[in-house]
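Student: I should like to learn how to read charged pairs and symmetry in a protein model. May we begin with the terms that such a reading requires?

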There are 2 protein chains.
Amino acid sequence: MHPMVNDGAAEGQGAGAAGPRAAGNEGGGTVGGRGRPRGRPRSFDRETALEKALLAFWEHGYEATSVSDLTRAMDIGAPSLYAAFGDKRSLFEEVVSVYGARYGSFADRALAEEPTARGAVERTLREAATAYTEPGHPRGCLVVHAAANCSTPEVEQSLRDRRNADIAAFESRIRADVAAGVLPPGIDAAALARHTGAMIQGMSQQARDGASREELEAVAEIAMSIWPRTGTHTG
Amino acid sequence: MHPMVNDGAAEGQGAGAAGPRAAGNEGGGTVGGRGRPRGRPRSFDRETALEKALLAFWEHGYEATSVSDLTRAMDIGAPSLYAAFGDKRSLFEEVVSVYGARYGSFADRALAEEPTARGAVERTLREAATAYTEPGHPRGCLVVHAAANCSTPEVEQSLRDRRNADIAAFESRIRADVAAGVLPPGIDAAALARHTGAMIQGMSQQARDGASREELEAVAEIAMSIWPRTGTHTG
DNA sequence: TTATTTTTCTAGCGGTCGCTACAGAAATGA
DNA sequence: TCATTTCTGTAGCGACCGCTAGAAAAATAA
């Protein structure tokens with residue numbers, strides 16, 4: 001079915017797996033040995049399989065994606081999945097981690113790189129319009145949707161924490177601008193940050209509901225008009 | 001377990017059920033007879049049971065709410081559920097219909113009663129802040145969340161259609177104001193309507209993530225500042 | 001080669017899913 | 001009383017769920 005893919009010794013190490021004997025081991029018995037691990041080598045590329053799992057979870061969510069769906073998408077057997085990634089939940093956590101680094105980092109980048117809070121929000125909304133409608137992967141944001149209606153409270157809470165952390169990051173960036181005099185002192189930073197979060201989440205839902213990139217960009221542009229133009233906004 | 005609740009002949013008629021011998025029948029054999037239907041009477045109140053199902057679906061979504069969860073919440077046996085409501089999907093459709101009439105009608109009411117599009121949107125967002133955080137029922141909007149990550153495409157599409165229809169309703173109301181000269185002619189009605197939809201959906205998500213009514217009202221107030229103050233907004 | 005280690009495939013575990021056959025219970029009509 | 005109609009509880013259907021035991025396969029080490 002899927003014979004031999006591994007040609008070299010390059011083996012990625014998982015980030016989030018924590019179960020017993022989970023995740024790919026690297027460097028078998030010898031101390032600093034670069035030799036192969038020891039037993040039968042894996043027949044699939046761990047990172048490739050992880051990416052396939054990511055796309056499946058992104059499209060259908062945590063609960064609606066069965067282990068059977070996953071093994072089909074990753075083209076491996078169930079025991080291989082459990083040996084390499086722990087269990088379904090560990091795999092999902094690792095997927096979320098990879099998603100955050102590969103697809104969901106544009107807000108962090110904007111916050112770090114743009115000189116003002118307003119600039120960071122504007123760039124974030126604009127890039128969200130692009131990212132959420134990009135061809136080649138599911139629409140919208142995995143963090144917003146993948147744990148909706150989830151029967152496992154820890155999974156639901158995990159993504160909720162990420163969403164609220166993003167809003168908190170916007171809030172502290174806005175506070176910094178207020179402290180620096182870039183934004184007027186009367187501004188409600190928490191509400192402004194929450195408004196930004198609501199826009200992002202709403203745009204993600206709109207993307208899932210069929211909105212085009214251009215339509216989302218128009219929404220983003222409208223949303224940006226809430227920002228004070230001459231420093232007289234008082235929340 | 002649940003002996004005899006029906007004391008009279010008052011029996012509500014379902015709206016959406018369509019399966020074979022589904023939904024409560026009314027008026028048994030005789031033409032205009034007001035007598036009881038004929039066989040053994042139902043031991044539960046259909047509307048009460050439907051309301052319990054509504055709350056269960058609202059909280060956990062279509063797929064994560066099992067028939068077992070439903071029969072427990074409604075305090076009836078599975079055969080009674082199937083006899084009275086058809087199947088799980090028919091029950092859900094009826095729940096959505098009742099939800100729309102009882103909890104989700106504030107936008108329609110605002111659109112019908114407020115003299116301007118802006119007034120309708122403002123009232124809708126304000127009432128959403130209240131409705132989405134009201135004690136006594138789950139948070140957020142059933143139409144927004146209950147079919148997320150749903151494996152039954154028809155169910156997912158059904159709620160998606162409702163969401164997009166709401167946006168279309170806002171759009172036509174905005175167009176009407178543009179035509180009447182209440183809003184400036186350069187406005188992008190579609191984008192403005194989509195922005196409103198994104199705000200509603202984002203606020204619903206925020207409510208699910210723990211935002212208070214006051215926090216959502218602050219978000220709504222900020223969102224309203226996009227509207228032209230003196231008729232010079234050009235989209 | 002032989003022993004050891006690790007991954008692979010096959011098969012299937014106990015549990016839940018949506019749903020229903022069946023028999024008994026509770027009403028009406030004769 | 002007895003037949004008819006409808007609902008209710010029990011019990012269980014086939015399918016799928018997440019997950020794993022066990023043996024064979026494929027590598028290294030001796």
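Tutor: Certainly. Buried means under 20% relative accessible area, exposed means over 50%, and partly exposed lies in between. Please keep in mind that this is a predicted model.

Student: Is B:D209 buried or exposed?

Tutor: The relative accessible area of B:D209 is 9%, so this residue is buried.

Student: What allows charged side chains to pair?

Tutor: Side chains of opposite charge can pair when their charged atoms come close. In this structure, B:D209 forms a salt bridge with A:R163, at 2.7 Å from N to O. A:R163 belongs to helix α8 (residues 153-179) of chain A, while B:D209 sits in the loop between α9 (189-208) and α10 (213-224) of chain B, so this pair joins two chains. A:R163 is buried as well, with 7% relative accessibility.

Student: Which residue forms a salt bridge with A:D209?

Tutor: The partner of A:D209 is B:R163, and their salt bridge spans 2.7 Å from N to O. Here A:D209 is in the loop between α9 and α10 (213-224) of chain A and B:R163 is in helix α8 (residues 153-179) of chain B, so this pair also joins two chains. A:D209 is buried at 9% relative accessible area, and B:R163 is buried at 7%.

Student: Which residue forms a salt bridge with B:E215?

Tutor: That residue is A:R194, and the closest N and O atoms are 3.3 Å apart. Because B:E215 lies in helix α10 of chain B and A:R194 in helix α9 (residues 189-208) of chain A, the pair joins two chains. B:E215 is partly exposed, at 33% relative accessibility, whereas A:R194 is buried, at 15%.

Student: How many salt bridges are there over all chains?

Tutor: The count comes to 28 salt bridges over all chains. Salt bridges may also form a network, as they do among A:E113, A:E114, A:R123 and A:E127.

Student: How should I read the relation between the chains?

Tutor: Two copies of a chain are related by a rotation about an axis and a shift along it. In this model, chain A is superposed on chain B by a rotation of 180° with 0.0 Å of shift along the axis, and the RMSD is 0.0 Å. This is the relation of a two-fold axis.

Student: Which residue of chain A comes closest to the rotation axis?

Tutor: It is A:G202, whose C-alpha is 2.1 Å from the axis.

Student: Through which surface do the copies meet?

Tutor: They meet through the same surface, because 100% of the interface residues of chain A are also interface residues in chain B.

Key. Residues are numbered from 1 along each chain as its sequence is written. Chains are lettered from A and ligands numbered from 1 in the order in which they are written. This is a predicted model: local features need pLDDT of at least 70, side-chain atom pairs count only at pLDDT 80 or more; totals for chains, interfaces and linings use all residues. Side-chain values use heavy atoms; hydrogens and water are left out. A salt bridge is a side-chain nitrogen of Lys or Arg within 4 Å of a carboxyl oxygen of Asp or Glu. Helices (H or I, at least four residues) and strands (E, at least two) are DSSP runs, numbered from the N terminus. Buried means under 20% relative accessible area, exposed over 50%, partly exposed in between (1.4 Å probe, protein chains only). Copies are superposed by least squares on the C-alpha atoms of residues with pLDDT of at least 70 in both. Contact means heavy atoms within 4.5 Å.
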